[in-house]
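This report describes a two-chain protein model. It deals with strand pairing, the interface between the chains and the salt bridges.

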Amino acid sequence: MSDLIQQAESIILKPAGLVISDIDAVMSRLVSTGIDQADIYFQASRSESWVLEDGIVKDGNYNIEQGVGIRAVSGEKTGFAYSEELALPNLLEAANSVRAIAQRGQAGTLKPTAKHQMPALYAAMDPLASLTREQKVSFLKLIDQQTRQIDPRVEQVIISLVGVHEVVLVMTEDGQVSSDIRPLVRMNVSVIVEENGRREQASSGGGGRHGYEHFTNNDTAMTYAREAVRLALVNLTAIDAPAGNMTVVLGSGWPGILLHEAIGHGLEGDFNRKGSSAFSGRIGEMVASPLCTVVDDGTLEHRRGSLSVDDEGVQSQCTTLIEKGVLKGYMHDKMNARLMGQASTGNGRRESYAHLPMPRMTNTYMRAGHSEPGDIISSVKNGLYAVNFAGGQVDITSGKFVFSASEAYLIKDGKIGLPVKGATLIGNGPDVLTKVSMVGNDLEFDSGVGTCGKEGQSVPVGVGQPTLKIDALTVGGTHA
Amino acid sequence: MPNTLTVPESNEDKINRLKNIASDIITEAKKQGADHVEAAISVGQGLSVNARLGEVETIEHHRDQGIAITVYKGHKKGAASSTKLNQSAIEEMVSAACAIARYAEEDPFSGLPDKELLATDFPDLSLYHPWSLSAEEAIKMAIDCENAARFYDKKISNSEGGSVQSFEGSRVLATSDGFNHGYSSSRHSMSCSVIGEHKGSMQRDYWYTVARRAADLESAIQVGEMAAKRTIKRLDARSLSTRKCPVMFAAEVAGGLIGHFVAAIRGGNLYRKSSFLLDSLQQQVFPSFIHIHEQPLLPQAMGSASYDAEGVATSARHIVASGVVQGYVLSSYSARKLGMKSTANAGGVHNLTVEPGELGFDQMLAQMGTGLLVTELIGQGVNTLTGDYSRGAAGFWVENGQIQYPVEEITIAGNLKDMYQNIVSVGNDVDNRGNTRTGSILISEMTLAGS
């Protein structure tokens, strides 16, 4: 099946007057003695966003992004150039400047072009066309009206709807051509509630590699709206968060951001090749309690972090990072895999044609355990139950990571107590999973909201986990 | 028809060419039924080089271009952008923006800026100083910088590299009210990040220098040595027990505190009532010794501009005088929502300066006596609606004005409203690199959580 490749050719190459044999010619210019790896990455995307605020759809934006990135790698050295203009002379000029990274040599011989189509994890559809503009506007207005009816304390509602249609075509140094058509939609409902002069804000949303029917079907949009209102109302009664080291129970789903920050980044191949991660050289060691098995899985259908094929033309896979507490492997792109004598794990990703690929996560999650979530809560005498988070960050070298709770409750004598204000939780990546003493049987994924930033590049990702009990973690509240 | 910058052209020719494209876009949008139009075009190019362990690691050649348009049909708004500058992309973009404006709803506050606020005076702010830097020269500088760090001390065990970057770009803004102006600017920087190791645990830190003119950059040796010194100081860090204590934000992180203040007086957060500083105009938010100025017209500064993202003329002003808020941070839209005038802050603030106090860094440590010196903050943890603040921190424990040992894996928490009132002093150790210039800031008490 080379259907996707034909579609990508007609969307990207044909309007620029290019055919695959032209790209072959650029690749021959690129591949010379001393070049270990090279790729030419074409990307064309159309995206839109609609924003409702004050009860009216007041903002809409439509974006056209297109370009080509050309890379040559020699040993550990990378040369890179990109252009928004796809004309052949621009490509050849970029190839010339990029190949200077290696000692100049003879032009190499290319293997004949092979088209390589991976099984698709999502439909090659255009989400922007899945509703008319009229339908998008009236859908947002309907959700706004229904959100305001949930509770009289709702003061302000902001709803955003975003769709992306992205087409990529990548040729690698071995002549392989791959392509992918990646739909992505995202919706967010944000509310402000007020009671007795106290105001609180909360938001909820989701998305994935679908069309907008993901939101219009099955009451999904109102699920976000009800969740946003519920969260904001909970925050109205929140008391000061505790400060200090305590037992923390993390809810299932989005709190899996813990895994992304505490261990995920530290297991990316580039940091480990360079020895700059707190996990460097630790394959085979116990880095978590035996209850923990953690994977990065780009093959989950329709999920925000999934890719049929990564940005280097490698098929996505499910990579075991930690198995029963033992560190099993790193996430690789092609360059770091080659330099470490391993195979790419399909984690080579880039924000766009104007950025270099790096090892990046897809959907990172912990497999389910055996404990009932209720038993986990009732096992805690004094602690914190954190169920929603705003975001996180890690210093991969020292291993210190934070993630910020946006919904949390005190646990007293095995019972969930009063809600507390948002607080940052801080820990040490290589230690935190060794303190996991119970793992729930309730694995859940986030609703499709995650964006990961690394070295200035943003990519969509997913996380997931069952309910977890961590025996000791520092909670950064104000109540000392 | 617009095309790429393949032929060498003078800076003036380039700006004129972009201005012509912008007028063409406005004509096209009006033809397609727009009443009012704004078009912004930017083009840029640059070189970025990273060297690691004494050898070049990446050479990146940058060349960027983009157009953004906003159209209004009456008070209905549509926007679009494109990285393609050819005729078909422009037509697609204009027609998409006009279609959105048809379906968007009437918003009486939206529209181009008030004409009388548009900039008419365009002083030369000396922002454009191209650097004819070859890849070979950049590689040598990056290696020199990294070597200065790597060989500074035996405890430096690894490196993320030294890097040198040079960018220059031009931007043009045109509106259907007759504004059509453009300028070029440059931005050069050098940075270094190294890793130290002691007793099996690693720390990483970095330093950077940035300037409009290459000659104003710190030397490769200075940047490398600073990165090494900062990294070594952090080795053998420990946690602290939970306590309340004074906290001093070092100058390089103190700008963030002022950034949270700016977010809270930004028009968007005020009209949505999602700020802890609603109705703070003429209110005493800081102690009376705090003065914060906006200085948009400083020559060669990183945040300088004679007009904002909408073409509204900037001018020097007090945002805080004697601790009292003198003005908000408004675009045309948020200003109209609040019944006010734009403060020329569409796109952000321009060179915010906290007036330095009398004390230097060491004197401030002495003034604090015993407490926490923060040199790094991680995580988000700031709620602009409530002012609640809780972030991960690293730095140093200080006793009797003397640094005792590095600390990590702690959080600091408080409420920004209290934190601003509890500022004890602002140092004269100003960090001039960013868009917010401030010395270190000492706060009398926050909650520190640790092991």
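How many bridges join strand β19 of chain A to β23(A), and do the two run parallel or antiparallel? Strand β19 (residues 436–439) of chain A is joined to β23(A) by three bridges, and the two strands run antiparallel. Strands and helices here are DSSP runs, with E of at least two residues for a strand and H or I of at least four for a helix, numbered from the N terminus. Two strands pair if DSSP finds at least two bridges between them.

The model is predicted, so local features need pLDDT of at least 70 and side-chain atom pairs count only at pLDDT 80 or more, whereas totals for chains, interfaces and linings use all residues. Residues are numbered from 1 along each chain as its sequence is written, chains are lettered from A and ligands numbered from 1 in the order in which they are written, and side-chain values use heavy atoms, with hydrogens and water left out.

## Strand β23 of chain A

Strand β23 of chain A spans residues 468–476. Seven of its nine residues are buried, a term that stands for under 20% relative accessible area, with exposed meaning over 50% and partly exposed the range in between (1.4 Å probe, protein chains only). In the pairing with β19, V436(A) stands opposite I470(A). Strand β8 (residues 243–250) of chain A also pairs with β23(A), in the antiparallel sense and over seven bridges; there V249(A) has K469(A) as its bridge partner. Strand β18 (residues 423–428) of chain A is another antiparallel partner of β23(A), with three bridges. In that pairing L425(A) is matched with V475(A).

## The interface between the chains

Contact, meaning heavy atoms within 4.5 Å, involves 71 residues of chain B and 73 residues of chain A. The area buried between the two chains is about 6000 Å², and carbon and sulfur atoms give 51% of this area. Buried area is the accessible area (1.4 Å probe) that two parts lose on being put together, summed over both. On the chain B side, Y103(B), E105(B) and E409(B) lose the most area to chain A, together 11% of what that side buries.

There are 39 residue pairs in polar contact across the interface, with both residues at pLDDT 80 or more. A polar contact is a pair of N or O atoms within 3.5 Å; within protein, one must be able to donate a hydrogen and the other to accept it, and residues adjacent in sequence count only if both atoms are side-chain atoms. Strand β2 (residues 55–73) of chain B gives the largest share of the side that touches chain A, eleven residues. By class, that side of chain B has 22 nonpolar, 25 polar and 24 charged residues. Nonpolar covers Ala, Val, Leu, Ile, Met, Phe, Trp, Tyr, Cys and Pro, charged covers Asp, Glu, Lys and Arg, and the others, Gly among them, count as polar.

Strand pairing also crosses between the chains. Strand β2 (residues 56–74) of chain A and strand β3 (residues 76–82) of chain B run parallel and are joined by four bridges. N63(A) stands opposite S81(B) in this pairing.

## Salt bridges

A salt bridge is a side-chain nitrogen of Lys or Arg within 4 Å of a carboxyl oxygen of Asp or Glu. The count is 50 over all chains, and twelve salt bridges lie between chain B and chain A. Four examples follow.

| Residues | N to O distance |
|---|---|
| E92(B) and R46(A) | 2.6 Å |
| R148(A) and D144(A) | 3.1 Å |
| R153(A) and E195(A) | 3.3 Å |
| R230(B) and E252(B) | 2.8 Å |

R148(A) and D144(A) are separated by about one helical turn because they are four residues apart in helix α4 (residues 133–150) of chain A. R148(A) is partly exposed, with a relative accessible area of 29%, whereas D144(A) is buried at 4%.

R230(B) and E252(B) form a salt bridge. The pair links helix α4 (residues 220–234) of chain B, which holds R230(B), to helix α5 (residues 251–264) of chain B, which holds E252(B), 22 residues apart. R230(B) is buried at 15% relative accessible area, and E252(B) is partly exposed at 30%. Both belong to a network of salt bridges that also links D395(A), E160(B), R204(B), D205(B), R234(B) and E376(B).
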